Structures are given as structure tokens and as C-alpha cells.
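Please open the model in your viewer and keep the selection panel at hand. The stops below go from a single helix outwards to the chains and their arrangement.

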There are 6 protein chains.
Amino acid sequence: MYELGVVYRHITRADAHIADGLAKLGSATVHEAMGRVGLLKTYMRPIYPGAQVSGTAVTVLLQPGDNWMLHVVAEQIQPGDIVVAACTTDNTDGFFGDLLATSFMARGARGLIIDGGCRDVRELKSMGFPVWSRAISAKGTIKATLGSVNIPVVCAGINVNPGDVIVADDDGVVVVPAATAQATADAAEARESNEGEKRAKLASGVLGLDMYKFREPLEKLGLKYID
Amino acid sequence: MYELGVVYRHITRADAHIADGLAKLGSATVHEAMGRVGLLKTYMRPIYPGAQVSGTAVTVLLQPGDNWMLHVVAEQIQPGDIVVAACTTDNTDGFFGDLLATSFMARGARGLIIDGGCRDVRELKSMGFPVWSRAISAKGTIKATLGSVNIPVVCAGINVNPGDVIVADDDGVVVVPAATAQATADAAEARESNEGEKRAKLASGVLGLDMYKFREPLEKLGLKYID
Amino acid sequence: MYELGVVYRHITRADAHIADGLAKLGSATVHEAMGRVGLLKTYMRPIYPGAQVSGTAVTVLLQPGDNWMLHVVAEQIQPGDIVVAACTTDNTDGFFGDLLATSFMARGARGLIIDGGCRDVRELKSMGFPVWSRAISAKGTIKATLGSVNIPVVCAGINVNPGDVIVADDDGVVVVPAATAQATADAAEARESNEGEKRAKLASGVLGLDMYKFREPLEKLGLKYID
Amino acid sequence: MYELGVVYRHITRADAHIADGLAKLGSATVHEAMGRVGLLKTYMRPIYPGAQVSGTAVTVLLQPGDNWMLHVVAEQIQPGDIVVAACTTDNTDGFFGDLLATSFMARGARGLIIDGGCRDVRELKSMGFPVWSRAISAKGTIKATLGSVNIPVVCAGINVNPGDVIVADDDGVVVVPAATAQATADAAEARESNEGEKRAKLASGVLGLDMYKFREPLEKLGLKYID
Amino acid sequence: MYELGVVYRHITRADAHIADGLAKLGSATVHEAMGRVGLLKTYMRPIYPGAQVSGTAVTVLLQPGDNWMLHVVAEQIQPGDIVVAACTTDNTDGFFGDLLATSFMARGARGLIIDGGCRDVRELKSMGFPVWSRAISAKGTIKATLGSVNIPVVCAGINVNPGDVIVADDDGVVVVPAATAQATADAAEARESNEGEKRAKLASGVLGLDMYKFREPLEKLGLKYID
Amino acid sequence: MYELGVVYRHITRADAHIADGLAKLGSATVHEAMGRVGLLKTYMRPIYPGAQVSGTAVTVLLQPGDNWMLHVVAEQIQPGDIVVAACTTDNTDGFFGDLLATSFMARGARGLIIDGGCRDVRELKSMGFPVWSRAISAKGTIKATLGSVNIPVVCAGINVNPGDVIVADDDGVVVVPAATAQATADAAEARESNEGEKRAKLASGVLGLDMYKFREPLEKLGLKYID
């Protein structure tokens with residue numbers, strides 16, 4: 001399935017303005033706006049809490065226990081990118097640490113999504129380079145086999161194409177296809193725009209049952225209250 | 001097993017004073033005081049560290065991928081309650097987020113225990129609304145099917161009856177039946193009362209072997225020291 | 001396999017100076033220096049982030065649900081030791097809490113590595129006693145059966161002999177045999193010594209591809225760039 | 001939650017005729033007939049394929065690594081019973097083997113459902129005594145601590161009351177409360193009765209789309225066919 | 001990512017002759033022939049041992065707990081097809097049983113690959129309709145929401161396009177893109193063709209070390225024999 | 001910890017007569033006879049049911065995704081041996097298939113215990129070469145890196161020394177140190193010798209409660225019968 005040993009230098013990135021704007025909406029709102037698809041499996045967790053980023057995907061396919069292609073992908077990073085790393089098999093080795101992070105940051109990367117392990121967690125937190133990974137592991141890797149850069153990959157159960165938009169925060173990682181990024185942003189902002197009003201109502205004690213007019217449909221379905 | 005589509009409006013809560021007092025004792029001490037039963041499975045983890053609460057359970061049974069009943073249970077919350085949400089099947093979707101938390105807080109809830117997923121983790125932490133869940137997931141849910149409110153549920157392997165006392169902290173979640181809450185509180189306080197003295201002795205270098213008089217029973221069982 | 005019911009009082013610890021010095025190098029660098037062996041399985045996680053310790057191993061073999069031998073091992077602790085606890089079967093009960101930690105600290109222990117559960121997480125964090133464990137659980141344990149102290153154990157997949165050096169931080173736990181501790185320290189320091197220079201180069205935008213001269217071997221393996 | 005150290009000698013069993021009749025309907029049909037509740041978690045698997053049984057539950061609560069109460073429950077077995085064993089914590093030890101099975105069979109038991117481990121698999125298969133368990137393990141257990149017999153238990157996530165009906169086969173294990181056993185049997189037979197006709201139609205090439213009249217509701221929901 | 005609510009009626013299937021021929025080569029040989037890519041995650045297991053099939057993929061995307069689209073995909077099956085079912089989230093419910101299998105067989109399907117649960121295992125075995133699934137579960141599903149048919153899906157970590165070739169046996173499930181099916185078949189047959197000779201040599205006692213001439217490269221890497 | 005790149009040609013095997021005799025006693029009885037230690041983790045499962053073997057261990061340490069050392073270990077096999085393969089990290093690739101099995105059988109091996117994946121399951125079953133593995137996977141491996149042969153290894157959580165006795169059947173895999181093989185055999189036979197009598201008694205309806213005289217100790221611990 002995967003084309004091995006190739007690096008695509010030219011990819012079409014989603015509009016930077018749209019990609020940048022999705023971070024503040026967060027993965028949950030963006031995921032809703034997309035019709036509840038595109039969320040990476042929930043085993044992908046941030047290595048430290050609090051980061052919230054969005055950006056355009058450059059992709060890399062790794063071989064298990066081998067991080068050579070992370071050096072290859074570094075060259076393809078442009079400011080505003082987020083690296084998305086898939087692996088040809090389940091592997092939790094520590095592919096990525098503070099030296100690579102230094103390089104990625106120098107190229108303008110905003111973070112890394114890796115379906116594998118990560119190490120140097122304390123240093124990465126102190127550098128402020130966020131990583132979402134399937135594991136944390138001190139185990140190092142070798143540099144011996146070829147993968148590919150900027151091919152479509154399956155990362156944690158979801159297809160990611162180079163140039164797609166990535167939104168990642170404490171709730172998880174969402175992939176927005178470049179083609180629907182604008183529509184998704186619009187839908188997400190629409191959702192967000194009336195959240196303040198809803199929040200104020202709920203905070204004042206109004207029930208969602210009333211605010212969303214749920215009582216009638218619930219009754220129709222047969223919900224019974226027993227005193 | 002489960003009665004579906006019913007909301008019990010009147011439940012008998014454990015005495016508020018007892019329920020309130022268990023928080024400071026912590027889940028580990030309370031669990032010991034109960035004879036080491038009543039602990040939810042250890043996959044139930046706090047979404048942020050440091051919270052320590054106790055309160056009376058209002059229960060809700062959810063259907064997978066559907067959070068409608070969380071709006072129904074909100075109306076049944078009284079100040080001092082902790083919502084305990086079970087699900088008819090294993091599901092990690094993000095049933096609960098900041099809007100529902102706003103509503104729950106407005107009703108006086110002290111936290112949520114959910115055998116499912118949670119989202120808006122950053123906002124919940126900033127609001128100070130603690131949640132213990134089996135997963136964190138940006139995946140939203142629908143509002144289409146009926147569960148029940150305030151029926152007995154099995155949550156993370158443990159039976160919870162409406163009105164039971166819940167004690168939750170970084171060590172996990174313990175359920176104390178309303179009927180034994182007073183006895184449990186007494187036993188837990190008794191355990192706690194002489195912990196200070198024990199701690200001081202151990203800190204001074206006295207060994208548990210001597211303080212608890214373990215040397216003789218260990219020798220009887222055949223423990224051998226080899227120089 | 002395991003000798004049960006014995007406590008070895010005299011063990012040969014790795015040189016204290018070497019053992020102490022490995023903490024600052026970190027588990028990832030030490031693991032690399034050993035040829036990428038000796039890392040405990042990645043399910044071993046710190047109960048709170050940020051701790052970084054090294055020291056000499058005193059070992060203890062536990063029976064499931066029984067923490068009696070942790071009191072026995074306490075007496076064998078010397079300043080600079082790290083307790084390594086294995087269990088005869090997979091078990092996540094909360095074997096260890098703040099009272100035992102008080103005792104361990106009084107004896108000079110720097111931490112605990114336990115292939116089992118831990119509790120009193122909040123107190124342990126506040127005391128500054130780091131634990132790496134496979135689970136967090138409020139579930140207490142009994143004192144009924146014999147294990148052993150200072151025998152060789154398999155902890156989270158790795159052999160640990162009494163006196164070996166343990167290095168533990170946010171990235172995991174590494175075991176360094178006493179016999180190779182000096183060589184490992186030398187190799188780790190050598191790795192570390194030129195990291196600063198590498199980091200500066202990468203931060204300035206030099207690519208790992210060039211710094212490590214990867215372009216030629218990658219080309220030889222057939223890596224193709226497509227415009 | 002659990003009452004420890006008690007054996008209830010007199011329980012009210014579901015009607016034997018109903019209990020016996022559910023085996024042939026199978027766990028999937030019975031589960032449907034109950035409204036899709038009552039299925040034990042899917043980690044409960046038969047130790048050998050092909051068995052299909054139903055009967056009335058006698059329950060037993062075990063302590064981890066201790067099978068003493070299985071000898072106690074043996075005395076409470078009546079012909080037509082199925083033993084349901086829960087455990088106070090997750091444990092995979094081999095609680096049950098061929099000697100206990102010999103005893104259970106002599107008492108008239110039809111099988112064992114155990115949220116723990118089982119051993120002597122080859123002998124059990126040859127004896128024709130079916131077991132559904134969470135694990136297979138040669139690890140033996142001790143006889144040291146009390147549990148209880150014929151109290152309500154939570155087994156693999158589901159409440160089981162003594163006297164409930166158990167239906168178990170290759171698809172899993174379903175619990176039918178004694179009170180609803182007749183209604184469930186009726187509903188299950190109704191489902192089953194027209195399956196033969198459906199099967200014949202489908203085998204002849206009629207599509208479910210037509211047989212169940214799904215085309216119209218699917219179209220209403222917006223399903224589009226693209227040539 | 002996924003287009004919901006669409007059914008593609010016309011897909012381009014890999015050549016039937018090639019698709020048919022891969023079964024006898026088996027998943028392991030085909031996987032090798034493809035350069036060790038295309039294997040579904042190993043949690044996909046046959047519901048009974050011994051089946052070995054190949055065929056062309058018709059794909060279906062399911063919603064969790066909802067098997068409606070399996071009725072929709074039935075109409076798109078042609079003789080020689082294997083249905084590949086993905087799900088929008090991790091779900092182990094029993095989507096598929098003997099009635100659907102009857103319909104699929106009537107349409108000419110050779111098997112089902114489903115990243116979800118399966119039930120009626122005993123009947124399916126007796127019918128000879130093989131299924132590879134992530135779980136076995138008696139839990140039934142509803143018919144309420146739309147997925148899609150014959151769109152590209154990610155099934156157990158691997159992209160599957162309608163018309164690709166599927167090879168499945170006791171060792172797992174491999175996906176061969178239609179475009180490379182011929183080349184893969186050729187490579188697989190080449191591997192297979194000299195296996196007989198190799199097997200005879202090995203059976204006669206010739207070592208792989210000699211037959212494959214491994215001694216020299218092993219020595220060059222530094223392998224040492226110690227007497 | 002592991003010495004890499006070495007093959008120990010001369011190992012001291014446990015007495016063949018003792019090693020051979022343990023098979024018929026089975027892993028459960030042998031495990032009991034050893035004091036309930038030495039059982040590999042329960043994720044190690046036979047690839048087909050019914051095999052029951054014992055023999056002397058030749059050990060091999062593998063690198064993930066690389067089965068080269070299995071060819072090296074083949075040369076060290078003597079009739080009556082069982083190969084025990086550990087791996088430097090968790091890996092489920094299919095290291096072993098029918099060609100290697102042909103070679104192993106030609107050398108006189110009785111089976112393979114591998115903390116990794118296995119493939120060609122159908123062929124292995126038909127050849128009658130039993131394997132206990134952590135996974136079944138069609139994924140092939142490469143031949144590129146050195147491990148070791150006949151060094152002590154940790155396999156599925158248990159230390160195995162070359163020459164130890166392995167007992168494996170449907171219940172799991174037990175390791176008996178060569179030094180205690182005779183004593184273990186004696187203890188296991190003693191256990192076994194009176195099993196027939198016990199079985200007859202239990203089959204006749206005598207309860208374990210009476211046969212083992214459990215009533216008094218249970219009563220002393222406080223067990224209460226309630227009518």
C-alpha cells in the first residue's frame with residue numbers, strides 16, 4: 001500500500017490562515033463541525049498537558065525502531081507545519097527526543113503527532129515543543145531502513161494526506177482535509193459563536209432540558225418520571 | 001437487568017454530614033475501612049491531578065455514543081451530589097464537556113464519575129470541575145436514545161445505588177453504601193487518628209518491622225536472614 | 001526460579017559515585033550507552049512528572065495483594081538505594097503509600113520502582129518521594145505471605161540484581177548492571193558531551209541530514225526525491 | 001458493597017423449565033429479546049468451542065488467588081445450576097481445574113462462568129464440562145480467605161443474582177433475571193420462530209433491503225446511490 | 001474524512017483470476033511478496049480455524065452499534081467478493097450473524113473482514129462462512145444511521161479501496177491493491193516455487209545457516225561462538 | 001544486561017529422563033509442585049489446542065522484526081530440546097513459520113516458546129510442531145542484526161537458563177530450573193499419585209469441604225451459613 005523510499009518535496013498545504021485559526025476552536029469543536037469524523041484513536045495523548053496547536057501536515061512513514069526518516073522529514077518542514085508520523089507496524093520505541101525537536105523548531109514546526117514512542121519528555125516540555133504520541137519510552141532507535149515523506153499515511157486509525165490541517169490539544173488530535181478546511185472552520189466558528197450565550201444560561205441555572213427543548217422529544221420516546 | 005427510560009426523582013441520600021466528611025480521609029483510607037471492597041476499576045483516572053471530593057451519588061445509565069441522559073440527570077442534581085454515569089457497553093466517546101459541567105456546577109454537583117470518555121479537559125480544569133473517566137476523547141455524542149436516571153448501576157465493575165457516598169481522589173474512586181456510611185466514616189477516622197503517631201515514629205527511623213511487631217510472625221512463617 | 005522466604009543482608013552495591021552520577025544523564029542517554037538494553041517495559045510510569053533519580057538497587061519479591069515484604073526490605077535500605085519491587089504475578093493493588101514512604105525516606109531511599117500499584121499519590125508528591133509503578137490504585141494489601149529480599153528479580157521484563165544501578169525519570173526506568181556501571185557512565189558522558197554542540201547547530205538551522213552526513217547512505221539505499 | 005463470609009443456603013431459582021429452554025435459543029437471541037442488556041463483557045470466552053448451555057445461577061465471590069470458596073459453593077449446587085464466580089479484584093489465576101469440575105459435575109452443575117482464570121483445559125474438554133473465563137492459566141491458588149456464596153455479584157460488568165438464568169455459548173454469556181425469564185423466553189421464541197422463513201428468503205437471493213423494507217427509510221435519511 | 005451516506009455501485013475490481021489465485025499462497029507469502037506491508041493489525045482473528053480465502057473487496061463503513069449498512073452492502077456483492085467492514089470508532093458489538101451470512105452467501109461472498117464484533121459463531125462455522133473480526137459478541141445492533149458503501153476505508157489500520165484483493169487465513173488478513181495484484185501474485189509464486197526444494201533440504205538436516213549462506217555475514221557482524 | 005552476538009555451544013542440560021517425564025504431569029501440576037512460581041505470563045498461548053510437551057531449553061535472544069538468530073539457534077538444537085525465544089522489546093511480528101519448523105524438527109526439537117509472533121499456523125498444526133507465542137501474525141521479518149544463543153533470557157516475564165526444563169500445554173508454559181528438576185518431578189508425581197483417589201471420591205459426591213476437612217478452618221475464620 002505504502003510507497004517506500006520516496007520524498008515528495010512539493011505538497012499543497014491547506015490555506016495557512018484557516019489552518020492557524022483552528023487551534024483556538026479546539027479538537028472537540030472541530031471534530032463536531034466535521035460531523036464527528038477524523039479523530040485519531042484516543043491512545044494518542046499529549047506528553048504534557050496544556051498545549052493547543054493547529055497547522056498543516058507534513059507526513060512521514062517510519063519503520064519500527066528506526067527514526068532515520070524523521071531527519072529526512074525535517075528538511076521538508078515549513079513554518080506552520082505539524083509533522084505527522086505513522087509507522088509500518090505497532091511500535092512504542094522512543095523515535096523522537098530533544099535534538100530532533102530542536103531541529104524541527106528551527107524549521108518552524110509547531111508540534112509532532114507520532115503513532116509511536118517519544119522520549120526526553122522533560123526537555124520537550126521545557127522547550128515548549130508539544131508531542132502527541134502512543135507511548136513514552138527511553139528506548140532509542142536506529143538509522144537503517146527507508147520509509148517515505150509526504151505520502152498519504154494512516155496514523156492512529158485515520159488517513160492523513162500531506163497538507164491536511166491538524167488540530168491537537170488535551171482532548172486529542174483531529175485531521176481536517178485541506179479541501180474542507182474552510183467549511184469546517186466556518187461550521188466550527190458557528191458552533192462556537194453561540195456557546196458563550198449558552199454557557200451563561202446554563203450557569204444561571206437554566207437546564208439543558210429547557211434550553212435545548214429536550215422535554216418533548218424525550219417524552220415522545222417514552223421517558224417516565226417516577227416520584 | 002437495567003430498567004430503561006425511567007427517572008427516579010426521589011432518592012434517599014446518605015447523610016450529608018457523613019458524605020461531606022469522607023473527602024478529607026481519601027479513597028485509600030475509606031477503602032481500607034470498608035474491608036477493601038468498593039473500589040472502581042483502576043482504569044478510572046482523574047482528568048487532572050489534585051482533586052479530592054466526596055458526595056452523594058445520583059446515577060445515570062447512558063447508551064454508547066449518546067449523552068442525552070446527562071441533560072436529564074442534571075435536573076436531579078442537588079448541592080453536594082456527585083454524578084455517577086454508567087454505560088450499557090464499553091464506550092470511550094467524549095460524553096461530557098464544559099457546557100454540561102457549567103450546568104452541573106450550577107446545580108451544585110461536586111464532580112462526575114463516568115465509565116466513558118470526557119472532553120474539554122483544559123476548560124474543566126480551569127473551571128475546577130473534577131471528572132474521573134475511563135478515557136479522554138474529543139469525540140462528541142448524539143442525543144437519540146433513552147437510558148435511565150437514579151437506578152442502580154454497575155460503574156467500572158462496582159454497583160452504585162442512588163444516594164451512596166462517593167469518595168474520589170488521585171488514588172481512585174470508592175463507593176460507600178448509604179447504609180454503612182456512618183460505620184465506614186468511624187472506621188476510617190479511627191485508622192486516620194493514629195496515623196500521625198505512626199508517621200512520626202517511622203520518620204524517626206523506627207522500622208515497621210518493630211512498630212507493627214512483624215518480626216515474630218515472619219520468623220514463624222520461616223523467613224530466613226542470610227549474612 | 002525464585003527462592004522464597006529469604007533476606008540477603010549483604011549485597012555488593014555498585015560504586016556510589018557512579019550510581020549517583022547517572023541521574024543527571026537521564027534514562028534515555030544511559031539506555032543508548034548500554035546498547036539499547038535494560039529498559040523496563042513502558043507501562044512503568046512515574047506517579048508524578050519531573051523526578052529524575054539514580055541509585056543502587058535493593059530488590060524485593062512480593063506476592064500479589066500482599067505488601068508485607070516491603071516492611072522487610074525497609075530494614076535493608078541504605079542511603080542512596082532505590083527499592084525495586086517485583087511480584088510473582090501481574091497485580092495492580094496499591095502495595096505502597098505514604099507511611100511506607102516515610103519509612104523508606106528515613107532509611108535514605110531515593111525512590112521506588114514497583115511492578116504493581118501505588119497509592120497516596122498526592123501525599124507522595126508532596127513528600128517528594130518518587131515512585132514508578134504499573135498502576136495507581138487505592139486498593140490496600142494484606143500481610144500474610146513470604147516473598148524475598150535482595151534476590152535477583154524480573155521487574156517489568158528486565159532482570160535486576162541487588163546492587164545494580166537504577167536510573168529513572170519521565171522517560172522510564174533503566175537498569176545498569178553493577179559490573180558495567182563505570183563503562184556505561186563513561187559511554188553516556190561521551191554521548192552527552194557533544195550534545196551541546198549538536199543542539200546549537202540544529203538550533204541554527206543545520207539539518208541532521210547534513211550534520212550526520214546522512215544524504216549519501218540514504219541515496220545509496222535508494223531514497224528518491226520527487227518534485 | 002459485598003457481604004463477606006456468608007453462605008446463603010436457600011435461594012429462589014428461576015423456573016427450571018424456562019431456564020432449561022433458553023440454551024437452544026442461544027445467547028445472541030436471548031440478548032436481543034431482553035432489549036440488548038445483560039451480556040457479560042466480551043473478554044469472557046469459552047475454554048473450548050461448541051458448548052451451549054443454560055441453567056440457574058448459584059453465585060460465589062472469590063478473593064484474588066484464592067479458590068477456597070469454590071469448594072464452599074459446590075455444596076450449594078443443585079442439578080441444573082451454573083456456577084457464576086466473581087472476584088473482588090481483577091485476577092487471572094487458575095482458580096478452577098479438573099478436580100473441582102469432577103465435584104461440580106457430581107452435584108449436577110452444567111458449567112462455570114468465572115471472572116478469573118481456569119486450568120486443566122484439556123481435561124475439562126474431555127470431561128465435557130464447559131467453562132467461560134477471562135483467562136487460561138496454570139497458576140494455582142491458595143485456600144486462605146473468605147468470600148461469600150449466593151450473594152448478588154458483579155461478574156464481568158453485569159449484576160448476577162442467585163437464581164437468575166444464565167445462557168452461555170460461543171457468542172458469550174447472558175444473564176436473565178429470574179423475574180423476567182418467562183417474558184424473555186417468550187420474546188426469544190417469537191424472534192426465533194420466523195427466522196427459518198427469513199433464512200429461506202435470504203438464501204434464495206431476496207435482499208434484506210427488500211425483506212425488511214429498508215429502502216424507503218434509508219432514502220429518507222438521505223442515502224445516495226452513485227453509478 | 002469519510003463521505004457518509006453514499007453507495008458507489010460501480011467499482012473496478014482487481015482481475016478475478018489473480019484475486020482467486022492468491023488464496024492458495026496464503027497471507028504470509030503474499031505479505032512478503034508485497035514488501036511486508038498491507039497486513040491488518042493482528043487483533044483481527046478468524047472466528048474458526050482453517051479457512052483460507054481470497055477475493056475482491058467491497059467495502060462498507062459502519063457506525064458503532066449499527067449494522068444497517070451491512071444490508072446495503074449485500075446488494076453490491078458479486079460472486080468472488082469479500083466484504084470489508086470498517087467502523088467510525090472502535091466498537092466490538094456483534095454486527096454480523098447467520099442471517100446476514102445467508103444473504104451474503106446467496107450473493108456469492110466468500111467471507112467478511114470486520115473491524116468490529118461478530119456473533120452466531122457456531123452457525124457460521126457450520127455454514128462455512130468465514131469471518132475475521134476483532135471480537136466475538138452476542139450483542140446485537142440497531143438500524144438507525146447511515147454509513148457508506150464502496151468508499152475507501154481504513155480497516156484495522158490499513159487502507160482498503162473497493163476492488164482491492166483480500167487474502168485471509170489463520171495467519172491474518174492482507175490487502176493487495178488492485179494495481180499491484182499481478183506483480184504481487186508473480187512475486188508470491190516465485191517465492192513459493194522454490195519452497196518445496198528448501199523444505200526438502202531442511203528436512204534432510206541441512207541448516208538454514210548453510211543453505212542461505214548466513215555464516216559469513218554473521219561472522220562479519222561479529223557473531224562469536226564460545227565452546 | 002544481555003550479552004549480544006554470542007553463541008554458547010556447550011550448555012548443561014537437565015537430565016533427559018526427568019525432562020521427558022514432566023510432559024505427562026502437565027504445566028499446572030508442575031507449577032504447583034514448584035511452589036507456584038515459574039509460569040510464563042498468560043498471554044503465551046498455544047497456536048493450536050492439544051499439544052503437551054516437555055524438554056530442555058535452548059535459548060535465543062531476538063531483535064524485534066528480525067529472525068536471523070532462529071537460524072543460528074537451529075544448529076544448537078539436540079533431540080529433546082525446546083527452543084525458548086525472547087526478544088529485546090515487545091514485538092508481535094511473525095518470526096517463525098513452516099520452513100524453520102521443518103529445520104527445527106529435523107534437529108529433534110519438540111516445540112518453540114516465543115515471546116513474539118508466529119505464522120504458517122495451519123501448516124505447523126498439520127506438521128505437528130507445537131508453538132506457544134504471544135501473537136499470530138503473517139508479518140515476516142528481516143535478517144540484519146545479532147542477538148545471542150544460549151544466554152539466560154527473560155521470556156514472558158520469567159528467567160530461562162539454557163538447559164532448564166520446559167513444560168508446555170493448553171494451560172501455559174512452566175520453566176523448571178535444571179537444578180531443581182528432580183525435586184520438582186518428585187513433588188509433582190506425589191501430587192499426581194493421589195489425584196485418582198480424590199477424583200473418584202469427588203465423582204461419587206463427596207464434597208471437597210469434607211474430603212479436605214475445610215469445614216472447621218472456614219468456621220474458625222467466621223464463615224456463616226444463613227438459611
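Begin by selecting B:Gly108, which takes a positive phi of about 100 degrees just after H4(B). Then extend the selection back to helix H4 itself, residues 98-107 of chain B, where seven of the 10 residues are buried; helices here are DSSP runs of H or I with at least four residues, strands are runs of E with at least two, and both are numbered from the N terminus. Buried means under 20% relative accessible area, exposed over 50%, and partly exposed in between, with a 1.4 Å probe and protein chains only. This is a predicted model, in which local features need pLDDT of at least 70 and side-chain atom pairs count only at pLDDT 80 or more, while totals for chains, interfaces and linings use all residues. Side-chain values use heavy atoms, with hydrogens and water left out, residues are numbered from 1 along each chain as its sequence is written, and chains are lettered from A and ligands numbered from 1 in the order in which they are written.

Which residues of H4(B) are buried? Colour B:Asp98, B:Leu99, B:Leu100, B:Ala101, B:Thr102, B:Ser103 and B:Phe104 to show them. Around these buried residues, display the elements that they pack against: helix H7 (195-203) of chain A, and, within chain B, helix H3 (68-74), strand S4 (81-87), strand S5 (94-96), strand S6 (112-118) and helix H5 (121-127).

Next, select the cysteines of chain E, beginning with E:Cys118, which is buried at a relative accessible area of 0%. Its sulfur is 13 Å from the closest cysteine sulfur, in E:Cys155, which is too far for a bond, since a disulfide is a pair of cysteine sulfur atoms within 2.5 Å. E:Cys155 is likewise in no disulfide, the nearest cysteine sulfur being that of E:Cys87 at 10 Å, and E:Cys155 also counts as buried, at 0% relative accessibility. Over all chains, the structure holds zero disulfides.

Now show chain A alone, with its nine helices and 13 strands. Its C-alpha atoms fill a box of roughly 70 × 35 × 35 Å along the principal axes, and 62% of its 227 residues count as buried.

Finally, bring back the other chains and superpose chain C on chain A: a rotation of 120 degrees with 0.0 Å of shift along its axis does this with an RMSD of 0.0 Å, the fit being by least squares on the C-alpha atoms of residues with pLDDT of at least 70 in both copies. The two copies are thus related as by a three-fold rotation axis. Chains A and D, by comparison, are joined by no contact (heavy atoms within 4.5 Å), and their closest C-alpha atoms lie 15 Å apart.
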